[in-house]
Amino acid sequence: MSRLNWHQAILQNMIDAVIAVDRDQRIMLLNPAAERLLGHALHQILGQNFFETFTFATAESRAEIQNSLEMVLVTGEQAVITNQAPLTTIADSTLQISGNISPIYEHPGRIMGALLVLYEPAAELEQHFNSEDLLGFVANAPIAVALFDNSMRYLAASRRWIDDYKLDCESLLGRSHYKVFPETPNHWRIAHQQGLSGATLRDEEFFLRHDGSVKWDRWVLMPWYESRNTIGGIIVLTEDITDRKHLQQENQDLLEQLVAAQKIESLGRLAGGIAHDFNNMLNVIQGHVGLALLDIDTDHPIHQHLTEIRDAAERSTELTQQLLSFSSRDESEPRLIELNQSIEGMLRILKRLIAEEIEFVWEPESEGCIVKMDPSQIDQILANLCVNASDAISGIGTITLKTENREFDHEFCKTHPDYLPGHFVMLSVSDTGPGIDPATQARIFEPFFTTKPQGKGTGLGLSTVAGIVNQNQGFVRVENQPGSGSTFQIFLPCHRDGKPIPHLEPAVRAPVGTNEMILLIDDEPMLAKISREILLSLGYRVIIATSPREAIQMMLDFKGTVNLLITDVVMPEMNGQELYHALQKLQPNLNVLYMSGYTLHIMAEQGITSEENTFLKKPFSRNELAVKVRQVLQQNRAS
């Protein structure tokens with residue numbers, strides 16, 4: 001039953017006359033009791049002014065009620081009609097009415113009208129009740145409603161009430177409610193007494209059924225009056241809202257999932273923007289270092305420093321990929337790696353992530369820890385787990401990082417459903433913190449769930465770890481001993497017969513140009529400048545621009561042939577593909593090489609895919625640029 005139907009049912013049942021007026025004191029509603037009392041039908045007087053419709057025997061009584069009504073409409077404070085005002089009915093009889101006036105709010109802070117509740121003389125009330133109008137209403141109501149006397153004996157009950165509570169209609173009337181329901185809880189007994197004292201109560205409540213399911217009820221409890229000052233008992237209305245509650249919970253769950261998805265979407269786009277700017281700067285660093293290394297002998301003291309700078313820039317590139325992979329915005333590049341070697345390359349960084357007073361222990365498996373995944377994902381797993389382990393330890397403690405070869409057969413997995421059969425490399429991170437309570441452990445892999453203080457955690461670390469492991473056909477287990485710490489175990493498929501592929505830049509001479517003309521556009525001037533210097537060192541002629549408009553003007557001014565356009569993809573004014581098409585109209589045989597530090601997802605939105613030979617991902621080394629430029633020129637020359 002809707003809230004509107006509830007309000008209508010209660011209004012129809014009220015013995016007091018109820019009249020609603022708007023801010024202009026026009027009549028907007030009368031309940032049946034008001035129609036009987038005043039002799040007017042609502043359709044006859046709807047929209048008429050209250051004081052022009054109803055006549056008061058004295059000017060003083062009219063003025064008192066009108067002033068009270070106007071004050072309610074202005075201040076929102078209730079008013080009481082203290083004196084019995086003589087009101088003339090349509091039949092010219094005079095009633096001595098009392099009552100109160102309350103504001104009606106359209107929304108908090110805005111009054112849309114007022115509600116006048118007028119008390120009927122006792123004789124009239126008794127006449128209506130004795131006429132069994134109320135009893136008839138209750139018995140025939142389409143809702144679950146029951147009428148009780150002041151001893152909580154049943155006077156009437158609707159068919160819906162009898163069906164909902166599985167009662168015997170024949171033996172119900174006259175019986176005490178507490179004998180019909182001997183298990184009535186104490187708070188309900190208190191509510192009944194409050195209703196018998198004149199209070200109106202309403203609430204929502206859940207009940208545990210015998211089958212273990214939950215039933216939700218919405219209820220209203222209010223007194224009914226035998227006379228003006230005498231409460232005859234209470235009337236109770238109930239509505240089963242279980243289905244509605246389940247639907248609300250489903251909607252709430254869907255809303256939370258939507259909000260989480262939107263957060264991931266927003267963070268992914270933010271990560272893409274950060275990656276673009278960060279990759280541009282890394283490209284500038286790598287470009288200058290690469291050129292410097294060409295001019296310095298390997299035994300020069302500065303050569304080692306430049307090599308360290310180059311390695312740090314490459315590591316920073318991997319960190320950018322970690323930032324992108326958490327939001328699934330970039331594609332992983334899985335390859336066979338020796339896990340222990342990959343971890344040992346991260347140890348120095350990991351030790352900086354944990355507090356100084358915490359001991360860090362590394363216990364590698366002796367051999368055979370070959371897995372197939374993106375190396376940057378290993379770095380991300382390690383960083384997240386070690387930071388969490390460090391945060392779990394207050395003061396002095398130990399974090400143990402360990403690898404082991406493990407194998408599980410089908411029989412074992414039948415009795416341990418959280419395991420998978422096969423050969424695995426286990427990577428575990430243990431801490432000596434207080435452990436994880438069961439309620440928290442059940443939710444630790446949920447996105448955005450965190451137990452850390454405000455501003456100290458995002459709730460994305462462990463959910464990202466779980467996502468990476470699942471993506472690589474592995475699984476995660478948590479061994480927890482409250483008071484003694486916890487261990488996160490990452491199981492990754494083991495490739496025992498595989499040979500790790502070192503991710504090294506080929507030590508070959510960079511292919512050089514043959515004086516071809518290149519037009520290079522990048523909206524980052526520093527990157528445009530160093531890219532030009534690299535291309536000049538490779539034997540190309542180069543003109544650069546930092547905007548599409550400038551590039552088009554250069555092409556118009558240049559009298560010779562441009563062999564290759566190298567352009568950033570995402571730029572102001574127009575994107576790289578639109579610029580290429582515009583320049584192609586000036587030189588139809590123009591070749592193109594796109595470059596970008598944005599994610600592959602955003603590149604796809606621009607119409608560029610990583611499979612194309614015409615795409616170079618930032619940051620790139622001198623050799624990578626040399627190889628890609630040569631590929632594009634030779635491929636198009638052959639075609």
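This is a tour of one predicted model, stop by stop, with what to select at each.

Residues are numbered from 1 along each chain as its sequence is written. Because the model is predicted, local features need pLDDT of at least 70 and side-chain atom pairs count only at pLDDT 80 or more, while totals for chains, interfaces and linings use all residues; side-chain values use heavy atoms, with hydrogens and water left out.

**Stop 1: strands β1, β5 and β6**

Select residues 94-107, which form strand β5. Strands (E, at least two residues) and helices (H or I, at least four) are DSSP runs, numbered from the N terminus. Add residues 110-119, strand β6. β5 and β6 pair in the antiparallel sense over 9 bridges; two strands pair if DSSP finds at least two bridges between them. Within this pairing, G99 stands opposite L118 of β6.

The two strands form a hairpin with 2 residues between them. In the turn, select G109, which has a positive phi of about 95°.

Now add residues 17-22, strand β1, which runs antiparallel to β6 and is joined to it by 6 bridges. The bridge partner of A17 in β6 is L118.

**Stop 2: I101**

Select I101 in β5. Its relative accessible area is 0%, so I101 is buried (buried means under 20% relative accessible area, exposed over 50%, partly exposed in between, with a 1.4 Å probe and protein chains only). Which residues does I101 touch, not counting those up to four places away in sequence? They are I65, S68, L69, V72, Q78, A79, I81, A114, L115 and L116, where contact means heavy atoms within 4.5 Å. Of these, S68 is 33 residues from I101 along the chain, and the C-alpha atoms of the two are separated by 7.7 Å.

**Stop 3: E106 and R110**

Show the side chains of E106 and R110, which meet in a salt bridge (2.8 Å, N to O). A salt bridge is a side-chain nitrogen of Lys or Arg within 4 Å of a carboxyl oxygen of Asp or Glu. By this rule the count comes to 18 salt bridges. E106 is partly exposed at 48% relative accessible area, and R110 is partly exposed at 44%.

**Stop 4: the network around R218**

Select R218 and E204, whose side chains meet in a salt bridge (2.8 Å, N to O). R218 lies in strand β10 (residues 214-227) and E204 in strand β9 (residues 201-208), so the pair ties together parts that are 14 residues apart in sequence. Is R218 buried or exposed? At 16% relative accessibility, R218 counts as buried, whereas E204 is partly exposed at 29%.

Add E239, which also forms a salt bridge with R218 (3.9 Å, N to O). E239 lies in strand β11 (residues 230-240) and R218 in β10, so this pair ties together parts that are 21 residues apart in sequence. Both E239 and R218 are buried. To see the whole network, select E204, R218, E239, R244 and K245, which are joined by salt bridges that share partners.

**Stop 5: helices α11 and α15**

Select L258 in helix α11 (residues 242-294). L258 is partly exposed, at 45% relative accessibility.

Finish at S390 in helix α15 (residues 375-392). S390 is buried, with a relative accessible area of 10%. Leaving aside neighbours within four places in sequence, S390 is in contact with L353, I354, A355, I358 and I399.
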